[in-house]
Structure formats: structure tokens, C-alpha cells
Amino acid sequence: MADETLAALRSLMASHSPPLDALVVPSEDYHQSEYVSARDKRREFVSGFSGSAGLALVLANEALLWTDGRYFLQAEKQLSNQWKLMRMGEDPAVDIWMADNLPSDAAIGVDPWCISVDTAQKWEHAFAKKQQKLIQTTKNLVDEVWSNRPPPEANPVLLHPLEFAGRSVEDKLKGLRKSLSLQFQVAWLYNVRGSDVSYNPVVHAYAIITSTAAFFYVDKRKVSSEVTSYMEKNGIEVRDYGDVSSDAALLASNQLISTSSAKETAHDILENSTGSGKTGAGHDNSAVEENKNDLIWVDPGSCCFALYTKLNPDKVFLQSSPLALAKALKNPIEIEGLKNAHIRDGAAVVQYLVWLDKQMQEIYGASGYFLDSKVHKKDHPITAKLTEVSVSDKLEEFRASKEGLSFPTISSVGPNGAIIHYSPEAETCAELDPNSMYLFDSGAQYLDGTTDITRTVHFGKPIPHEKACYTAVLKGHIGLGNARFPNGTTGHILDVLARVPLWKDGLDYRHGTGHGIGSYLNVHEGPHQISFRPAARNVPLQPSMTVTDEPGYYEDGNFGIRLENVLVVKEADTKFNFGDRGYLSFEHITWAPYQTKLMDVSLLVPEEIEWLNTYHSRCREILAPYMNNSEMEWLKKATEPIAA
């Protein structure tokens with residue numbers, strides 16, 4: 001099948017005008033999403049690689065797949081011999097590789113809806129030295145050969161109540177209009193949600209915002225009369241999804257006109273916008289009069305190249321979206337909701353561990369979560385076995401109040417744990433092994449917040465090396481979570497705090513240490529991050545941001561370890577205030593115990609032990625209302641103080 005797909009693509013490439021020397025197949029959809037719907041998994045269809053990040057490049061006689069360190073092992077397993085794996089960070093970047101290895105005047109095709117402005121411009125710069133050309137295909141060539149491509153779904157647009165959103169659409173639009181014209185962070189801005197993408201409660205939609213009008217581009221089959229009324233009330237005009245392309249061209253020529261009747265609201269917002277002294281892009285006569293520059297703000301990292309090409313580049317202001325930062329700075333209602341969601345989620349995780357501990361002892365003769373002794377192996381009927389999939393399904397059951405999962409659960413035993421974003425499948429997954437590490441990384445979507453937690457456990461007798469590695473990860477996790485740092489500090493600086501204990505023993509991990517997390521939105525949310533990657537230098541951490549703390553260690557062929565909590569950035573109370581900068585710290589909002597059996601306590605310093613004991617005490621207190629008697633007894637034992 002893969003060979004037939006490549007052959008069909010190469011035939012289309014040869015017959016294209018102009019003929020294409022290469023075809024780029026990105027992971028992203030028309031909205032530059034990390035997770036995409038089934039019909040948008042073009043890169044997976046072409047290559048067979050199912051990881052969430054990567055890029056395929058098809059040439060006449062070669063096919064290459066770029067992905068990052070989270071997926072090296074997975075890609076090695078999933079790619080056929082028709083494909084060559086290119087390791088990001090080790091092999092040349094895709095644009096550099098194409099510039100160096102493709103002939104002069106080469107034509108490189110790409111669907112312009114599936115790459116960002118940033119990416120397209122970067123590639124064009126790399127191609128210039130050999131007069132290579134980036135060709136925008138009028139049709140997506142993968143779609144042309146994908147005969148059984150899943151059909152589009154007309155899932156309804158849902159309104160996100162103010163009791164969870166914490167900030168009205170009117171208020172968000174007022175803030176936005178002080179600085180912005182064209183943007184695409186639609187779900188947060190308009191307080192809507194949907195189910196167009198698995199695990200992410202978002203809607204496939206675009207928005208154009210001017211000083212006096214707001215447009216919502218969506219498949220109208222998804223819009224109920226309630227949503228229509230809501231949009232009209234907020235001065236938002238609903239237009240067909242496909243109209244965004246022609247309307248972007250109208251916007252560029254000052255001809256985009258709203259038929260909305262919400263004139264009074266628009267006038268009030270215009271006053272606030274023009275009074276701010278910042279450049280906005282209104283395109284009616286009054287807005288043009290106030291805004292001499294007439295610029296259109298486009299986020300080069302999230303706006304697709306296809307829409308950008310509809311605009312006059314001399315009239316485009318390319319800069320990161322202020323919406324991304326506004327969305328990342330959680331309001332008090334969002335923070336309270338996230339805390340409550342994580343409490344319920346932590347209770348579900350503890351209930352799962354209680355169940356799993358009992359099952360591992362009864363079925364496999366494991367010593368269990370608490371005893372550090374050898375397994376007394378039992379013979380068990382095949383129907384009673386536990387697999388990576390069956391136990392992850394059970395974990396999902398414990399999250400009874402959820403709206404859905406926030407990403408595919410990573411449930412991995414032994415060597416599979418070393419595959420950083422391992423996704424088990426029922427037909428091929430491993431059976432649980434009481435003599436091996438078990439790592440589970442999971443999360444859920446709740447109306448009041450999105451969750452993400454990772455714990456690593458062992459139900460048998462861990463060897464000293466496993467304990468030492470687990471403890472090094474734990475020390476990094478505590479070191480980052482306990483950090484105090486001045487205002488203006490980026491996640492690029494803080495990333496090292498989680499790695500130092502691992503580096504001491506010559507260990508490391510190939511992924512970032514932390515990402516923002518949404519409020520009943522995407523589990524991975526920017527613009528801030530904690531990472532060694534250069535992008536982590538762009539945005540400093542600020543109070544009310546959420547971020548994960550998730551260092552790990554992965555030993556190929558043996559095991560994987562990761563520990564993850566969600567943190568909220570807050571102001572720190574420090575004895576001094578050098579430079580009058582103000583200092584920040586973190587508040588943990590994830591509640592589930594760390595397995596003390598896996599710790600080498602001799603490697604922990606008194607401050608780390610004190611923190612663990614305090615955290616575990618808080619776990620008991622916070623989760624107690626959700627536990628029955630047997631679960632509470634287990635939790636008490638799991639959170640007993642550690643002796644220094």
C-alpha cells in the first residue's frame with residue numbers, strides 16, 4: 001500500500017505544472033494544529049508514521065521523514081524500507097537538506113494551507129542561493145491519491161459558558177482591537193468549543209477582526225440557532241468556512257464589509273481601539289481615517305501561507321499574536337477551574353493506582369506498590385491478563401466526569417516506556433510485567449480545565465540502577481518546581497534546572513521540560529515553554545501562566561521514566577528584591593503520590609525530602625473527600641513521610 005501511494009504521488013508530481021522535484025507533506029492541517037482530525041493525517045497516510053510531529057519529503061527516487069527525539073524509536077519501528085529517518089537535532093533541517101541536495105532550479109511543492117508564513121519564508125530564503133522555488137499546489141496531492149480519505153464531520157459548535165471562561169467575548173474583543181486585525185485563535189476569543197479534532201475541544205474555523213467588525217468562518221452546518229444568536233449579540237458575523245480566502249483578499253483591498261447590525265457596539269470598540277495609540281487595521285472609512293498605516297497583523301507562526309499570499313506584504317505586520325499571550329495568562333476563574341479539575345483528576349489517578357496495585361498482586365503475584373521484594377509468579381488464565389491498552393481503558397473509566405481525554409494515553413511497560421510518545425494498540429501492545437517499570441502519561445478535558453499528569457511505577461523489585469535513574473528524574477522535577485526566579489526569566493533558562501541531576505550521571509532526555517496547558521482547550525499551549533529549544537527564549541514566564549514540569553529518562557530497550565505535574569506561575573515572596581525586578585515561583589496543582597519504593601533516599605537532600613513529605617501530606621488532605629475507605633488507606637500508606 002505504501003509503495004502504491006508513493007508511486008501515485010510521484011506520478012502526480014511528474015505531471016504537475018511545473019513538474020515537482022520534491023513534495024513536502026507536513027503534519028499540520030489548515031490551522032497549523034498539533035493534533036489533527038482523521039482526514040488531515042496526510043503525513044501518516046503517506047509514511048505510516050503516526051507520531052504527532054514530523055514532516056515527510058517525497059522525491060522521485062527517495063522518501064524521507066523528519067521527526068524529533070520523542071519519536072526516533074517509534075519512527076524506526078513504523079517506517080518501511082522505502083523511507084529514511086531524519087533525526088531532528090542530529091541530521092540537517094529539512095530546508096537545509098533540500099537546499100543542499102536538490103538540484104538548482106528545483107521545484108518543491110507544498111499545500112500552502114498546511115504551512116505557516118514563518119516556515120514558507122524560511123524555506124524560500126534557504127532555496128534562494130540555488131534559485132530553487134517553493135511551489136504552492138492548487139490541490140493537495142495527497143488528497144488526490146487518498147481514495148478512502150475519511151469524510152468531513154459536521155460536529156456542532158458549542159458555547160463555553162462564562163462561568164468557566166471567566167471573561168466575556170466583548171471584553172476579549174475590546175482588548176484585541178487595541179492591537180490586532182487578522183487572527184486565528186478562534187475558540188478562546190469567541191468562547192466556543194467543538195469536537196473537530198480528537199482530544200482538543202476546538203472548531204475548524206477562522207476569524208478576521210477589524211476595528212469595527214468581527215467575522216467567524218465556519219461550516220454553517222455546525223452552527224445552531226443558539227450559537228447564531230450568541231454571535232449576533234456579540235457583534236460577530238458568521239460566514240462560510242470557504243469564504244475566508246476571498247475575504248482575506250477583500251481585507252487587503254479595504255473592501256471587506258460587515259452586514260452586522262451591531263453598530264453601537266462597534267462604535268464603542270472603535271473608540272477604545274483608536275484611543276490606545278496602537279496600530280489596528282480597520283477597513284471602513286472611519287477606521288482608515290484613524291489608522292493611517294492600515295496594517296494587517298498576521299502571526300507568522302500560526303497563519304497559513306495561503307491566506308498570507310492574499311495580502312499585500314507591504315501592508316502586513318508580522319509578529320506573534322497577542323491572543324496567544326492573552327490566552328496563556330489565565331484569569332482567576334480559569335485558574336480556579338484548573339485547580340478543581342486537577343483535584344478530580346488526581347483522585348481518578350489514585351483510584352486507578354489502587355486498582356492496578358491490587359490487580360498486579362492478584363494476577364501476577366507482584367509484591368505490589370509498597371513492598372520492595374521479588375515477584376511470586378502465578379499462573380493466570382489468558383483472559384485475566386493486563387495489557388497496556390486494557391489498563392489505560394480502565395484509567396479512562398475512573399475519569400468519570402470528563403468531557404474526553406486531552407491526548408492519547410501513553411501506557412507503556414518496560415522497553416515501550418523508552419518510546420517517549422508511545423501509543424499502544426490493542427493488537428500489538430505488551431502485557432504488564434511486574435518485573436518492569438510502568439509509565440503512564442494521561443490527561444482529560446473537563447469543562448473547567450485541561451489536565452496532564454505522568455507517573456512511573458514498579459510493582460516488583462526495582463534494581464538499583466532503576467532507582468538511581470528515577471531519583472535523578474525526581475530531583476530534577478523538584479528542582480524546577482521549587483525554583484524562584486526574577487521577572488523576565490524564560491523557560492530556556494529554567495530548563496537546565498530539571499536536567500542537572502541527570503547530567504551529573506551523564507544522562508539526559510530528548511524533549512522539552514514544560515509546555516503551557518489550556519483551559520478546556522489544547523493540552524499543549526504556547527507561547528511560553530520550558531525547553532532547551534531556541535523558541536523557549538521568546539516569551540518570559542509571567543504570573544497566572546500554567547506550565548508542566550516533566551523531566552524524564554529513557555533507556556532504549558529497557559525502560560522509560562517521566563514525572564509530570566502542572567504548575568501555575570505566581571509571584572514569589574522573597575527576602576530581598578535585587579534590581580527591583582520582582583520574583584516568581586511555581587504552585588503545583590497536580591495531586592498524586594510519587595512511588596517512594598522507586599526512590600534511592602540516600603540521593604535526596606533534606607530540602608527535597610521535606611518538600612516530598614509536605615506534598616504528600618497535601619495529597620492526603622486534598623484527595624481525601626474523593627476516596628472510599630480502602631482507597632484512603634492505600635493513599636495514607638503511599639504518602640507516609642520519608643525519613644531523612
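**Exercise 1. What volume does the second largest pocket have?**

Solution. This is a predicted model, where local features need pLDDT of at least 70, side-chain atom pairs count only at pLDDT 80 or more, and totals for chains, interfaces and linings use all residues. Residues are numbered from 1 along each chain as its sequence is written, and side-chain values use heavy atoms, with hydrogens and water left out.

Step 1. Take the terms. On a 1 Å grid over the protein atoms alone, a pocket is an open set of points where a 1.4 Å probe fits, with protein on both sides within 12 Å along at least five of seven lines. Lining residues have an atom within 4 Å of a point. A volume is the space filled by probe spheres set on the points, which are joined across faces, edges and corners.

Step 2. Read the value. The second largest pocket has about 510 Å³.

Step 3. Find its centre. The pocket is lined by 24 residues, and the closest to the centre are Ser37, Arg39, Asp40, Pro152 and His204.

**Exercise 2. Describe the surroundings of strand β1.**

Solution. Step 1. Locate the strand. β1 covers residues 22–26. Strands are DSSP runs (E, at least two residues) and helices likewise (H or I, at least four), numbered from the N terminus.

Step 2. Check burial (under 20% relative accessible area is buried, over 50% exposed, partly exposed in between; 1.4 Å probe, protein chains only). Five of the five residues in β1 are buried. Ala22, Val24 and Pro26 are on one side, Leu23 and Val25 on the other.

Step 3. Find the partners. Strands pair if DSSP finds at least two bridges between them. β1 and β5 (residues 107–110) run parallel, with two bridges. There, Ala22 has Ile108 as its bridge partner. β1 and β2 (residues 55–59) run antiparallel, with five bridges. Leu23 faces Val58 across that pair.

**Exercise 3. Locate two cis peptide bonds.**

Solution. Step 1. The bond from Ser17 to Pro18 is cis, with omega near 0 degrees. Pro18 sits in the loop between α1 (2–15) and β1.

Step 2. Gly526 and Pro527 are also joined by a cis bond, with omega about 10 degrees. Pro527 belongs to strand β23 (residues 525–530).

**Exercise 4. Is Tyr199 buried or partly exposed, and which is Tyr520?**

Solution. Step 1. Tyr199 has a positive phi, near 75 degrees. Its loop runs between β9 (192–193) and β10 (206–209). Tyr199 is partly exposed, at 33% relative accessible area.

Step 2. Tyr520 has a positive phi near 50 degrees. Tyr520 lies in the loop between β22 (514–516) and β23. Tyr520 is buried, at 8%.
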